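Biologist: Could you take a close look at one part of this protein for me, and show how it sits within the whole chain? I'd like to know which residues come together there, and how covered they are.

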Amino acid sequence: MAEGKTGRCLCGAVSFTVKDDVTDLGVCHCNMCQRWSGGIHVGFNVSADGVAFEGEDNLTIFTSSEWAERAFCRTCGSPVFYRITMDGPMKGSYVMEAGSLDDKSGLSLTDEIYVDHKPDCYTLAGDHRRMTEAEFLKSIGMGAPDA
């Protein structure tokens, strides 16, 4: 994805320009993402200063876990991003909604996380990294999930 890719929520009240050069998409199968997106969450990573928003006053922020918050448009309800809030090298980074991009060309699936929470009714094809909940949490510096 070239610098300057744009996107927006369904109604256009929130829009953004991505400054980072991003080509990779990730999929999350955790229970929160399933509820938030209505199925599979497909997103792309953006650094803390890699995106500029317009209409930020139309965002509602929801603290969804001890390490992240999610934002959605308060007008149309479209999910816009989740952001890492815990201390560490990823603090402030975003996972933006792939479906909100105006141009989705040049993107490819590179990662699936929480594969141990994926419903049995589908499988994503291709050779890409797949991580369980425990593997993902370890990768971001969190301990194992509570039993």
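Modeller: Happy to; I'll begin with the whole chain, go on to one loop residue and what it touches, and end with a few other sites.

Please keep in mind that this is a predicted model. The protein chain has 2 helices and 11 strands. Read from the N terminus, the order is β-β-β-α-β-β-β-β-β-β-β-β-α, so three strands come before the opening helix, eight strands follow that helix, and a helix closes the series. The C-alpha trace spans about 40 × 30 × 30 Å along its principal axes. The radius of gyration is 15 Å, which agrees with the value near 15 Å for a compact globule of 147 residues. Within that fold, 41% of the residues count as buried. Contacts between residues 24 or more positions apart make up 51% of those with a separation of 6 or more.

The place I'd choose for the close look is H29, in the loop between β3 (24-28) and α1 (31-37). H29 is buried, because its relative accessible area is 0%, and buried means under 20%. What does H29 touch, leaving aside residues within four places in sequence? The list is Q34, I40, E112, I113, Y114, V115, H117, K118, Y122 and L124. One of these, Q34, falls within α1, the helix that follows the H29 loop. Two others, E112 and I113, fall within strand β10 (108-113). Further along, Y114, V115, H117, K118, Y122 and L124 belong to the loop between β10 and β11 (129-131). H29 therefore has contacts with a strand and a loop that come much later in the sequence, as well as with its own helix. By contrast, the C-alpha atoms of H29 and A71, 42 residues apart in sequence, lie 18 Å from each other.

Among the contacts of H29, Y114 deserves a second glance. The phi of Y114 is near 60 degrees, a positive value although the residue is not glycine. Most residues other than glycine have a negative phi. Y114 sits in the loop between β10 and β11, and with a relative accessible area of 9%, Y114 counts as buried.

A125 lies in that β10-β11 loop too, but in another setting. At 68% relative accessibility, A125 is exposed. Setting aside residues within four places in sequence, A125 is in contact with L109 and R130; L109 falls in β10 and R130 in β11, the strands on either side of the loop. The C-alpha of A125 is 21 Å from that of N45, a residue 80 places away in sequence.

As a biochemist you may also ask about the cysteines. What does the disulfide count come to? The count is 0. C76 has its closest cysteine sulfur in C11, yet the two sulfurs are 3.7 Å apart, too far for a bond, because a disulfide needs sulfur atoms within 2.5 Å. C76 is partly exposed, at 29% relative accessibility. For C121, the closest cysteine sulfur belongs to C28 and is 15 Å away, again too far for a bond. C121 is exposed, with a relative accessible area of 69%.

Two more sites round out the tour. D57 is in the loop between β5 (51-54) and β6, and its relative accessible area of 60% makes D57 exposed. Its C-alpha lies 8.9 Å from that of R74, 17 residues away along the chain. In strand β6 itself (residues 59-63) you'll find F62, which is in contact with E69 and R70 once residues within four places in sequence are set aside. F62 and K91 are 29 residues apart along the chain, with 16 Å between their C-alpha atoms.

Finally, the outside of the protein. The accessible surface comes to about 8000 Å², and 50% of it belongs to carbon and sulfur atoms. The chain carries 13 positive and 22 negative charges, and the mean positions of the two groups are 3 Å apart.

Note on methods. Residues are numbered from 1 along each chain as its sequence is written. This is a predicted model: local features need pLDDT of at least 70, side-chain atom pairs count only at pLDDT 80 or more; totals for chains, interfaces and linings use all residues. Side-chain values use heavy atoms; hydrogens and water are left out. Buried means under 20% relative accessible area, exposed over 50%, partly exposed in between (1.4 Å probe, protein chains only). Helices (H or I, at least four residues) and strands (E, at least two) are DSSP runs, numbered from the N terminus. The radius of gyration is taken over C-alpha atoms; the globule rule is 2.2 Å times the number of residues to the power 0.38. Contact means heavy atoms within 4.5 Å. Accessible areas come from the Shrake-Rupley method with a 1.4 Å probe; for residues, only the protein chains shown count as cover. Lys and Arg count as positive and Asp and Glu as negative; His and the chain ends are not counted. The place of a charge is taken as NZ of Lys, CZ of Arg, CG of Asp or CD of Glu.
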